[in-house]
Amino acid sequence: MSNYIDIALDHGAAFDSVTDDTLAWQAAVTDWKVTGRAIVCPKGGSVVTDTVLFDNAGANQFSQGPRVVAPAGPLASYLIGKNLANKPVLKIDGRNPAVTAHSSYFGFTAIEGLGIHQEGCTNSDGIDYQSTWHTKFEEIAMADLSGRGYFARNPQIGAGTDVGDNNASAHVDIVNNRITGCAGPAWSSAGSHGGITNHAFKHFYSLNNAHTFGEGQIDNDGALHFELAMCSVAATNNINRPLVKLRKTYVTPDQVVIRGGEYGNACGTHFDVDTVTGLSVMSIRQVRRLGETAAR
């Protein structure tokens, strides 16, 4: 047995941008649950007509999370969500409904080098994740999605409380991502009200997102220990939205950090901050309205 799952050779995924590969992905997910091996993607576009779902029903505490690797990179290897409505292209759900709190996290999840596209979708996010620890989303590209790029979901949304959830995500690195032209934010925890912690964005590029919905391009609603490091967030589409929205974080000092990067907006607010304790902003190269000669 190989030490990885080749989704094309082992499960017949076509990656030809035409054939429906949904069943191949479902078979690869089943294979991963049994073997724990990484799923490796070839070049090309893989059409899916249902969400690619990684869950851990029946798994033990801190089980190995999924690993999906596309060595050719996100411009050459990508998922194409087709005709999806109100559901994401890719979902990672580390909850285990059969057990109690603190017993259902994924550990060491990694999605690397994958692009996310859509055809004929409505209100469909790129990647929806929850209950996953020590996770890396690296070299991911998404463009022109009908929903958000990323949605960090709190499993207790709608529970009527602002306290953190026991099964939310922590220690998540989002590195070398490019998210452009999405109807929703590039990344959002909107509505989560806490329980999402230790998120670091590094070399994250966001352009002209949230052009339909009213959130910021990066919309942090209750995510604690939150850092933007060397990121570029810009708007050139004359949509009056904040670039970065920070709300309801309730943390001790110096745990919401914006460190380095460029933030340029043709029309809206750069940072919209509400009920945030301990915001640290340092070494930003530029905060300016695009087209102006001087930084603010």
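What share of the contacts in the protein with a separation of 6 or more comes from residues 24 or more positions apart? In this predicted model, such residues account for 79% of those contacts. That figure is a helpful starting point for a tour of the fold, which begins with the overall make-up and then turns to sheets and charged pairs.

The protein contains two helices and 25 strands. Of its 296 residues, 53% are buried. Its accessible surface comes to about 12,100 Å², and carbon and sulfur atoms contribute 50% of that area.

Eight strands form an open sheet with parallel pairing, and their order is β4-β8-β12-β15-β17-β19-β21-β23. The edges of this sheet are occupied by β4 (52-55) and β23 (271-274). Each of these two has a single partner strand, so one side of each is left without a neighbour in the sheet. Further in, strand β8, made of residues 90-93, pairs with strand β12, made of residues 127-130. Their pairing is parallel and runs over four bridges. Within it, Lys-91 has Asp-128 of β12 as its bridge partner.

Another set of parallel pairings centres on strand β7, which spans residues 77-82. Five of the six residues of β7 are buried, so this strand is largely enclosed by the rest of the structure. One of its partners is strand β3 (residues 44-48), which pairs with β7 in the parallel sense over five bridges. Strand β11 (residues 115-119) also pairs with β7 in the parallel sense, over five bridges. Gly-81 gives a convenient point of reference here: Val-48 stands opposite Gly-81 in β7, while Gln-118 in β11 is the bridge partner of Gly-81.

Asp-128 deserves a visit of its own. This residue belongs to strand β12. With a relative accessible area of 1%, Asp-128 falls under the 20% cut-off and therefore counts as buried. Leaving aside residues up to four places away in sequence, Asp-128 touches Pro-88, Leu-90, Lys-91, Ile-92, Phe-151 and Arg-153. Lys-91 in this list is also the bridge partner of Asp-128, and Arg-153 is joined to Asp-128 by a salt bridge. The closest N and O atoms of that salt bridge are 2.7 Å apart. Because Asp-128 lies in strand β12 and Arg-153 in the loop between β15 (150-152) and β16 (170-180), the pair ties together parts that are 25 residues apart in sequence. Asp-128 is buried, whereas Arg-153 is partly exposed at 25% relative accessibility.

How many salt bridges does a search of the whole structure find? The search finds eight, including the Asp-128 and Arg-153 pair just described. Another joins Glu-227 to Arg-259, with 2.7 Å between the closest N and O atoms. This pair links distant parts of the chain, since Glu-227 sits in strand β20 (residues 223-235) and Arg-259 in strand β22 (residues 256-265), 32 residues apart. Glu-227 has a relative accessible area of 23% and is partly exposed; Arg-259, at 34%, is partly exposed too. A further salt bridge is formed by Glu-138 and Lys-136, whose closest N and O atoms are 3.8 Å apart. Lys-136 is partly exposed, with a relative accessible area of 32%.

Methods:
Residues are numbered from 1 along each chain as its sequence is written. This is a predicted model: local features need pLDDT of at least 70, side-chain atom pairs count only at pLDDT 80 or more; totals for chains, interfaces and linings use all residues. Side-chain values use heavy atoms; hydrogens and water are left out. Two strands pair if DSSP finds at least two bridges between them. Buried means under 20% relative accessible area, exposed over 50%, partly exposed in between (1.4 Å probe, protein chains only). Contact means heavy atoms within 4.5 Å. Accessible areas come from the Shrake-Rupley method with a 1.4 Å probe; for residues, only the protein chains shown count as cover. A salt bridge is a side-chain nitrogen of Lys or Arg within 4 Å of a carboxyl oxygen of Asp or Glu.
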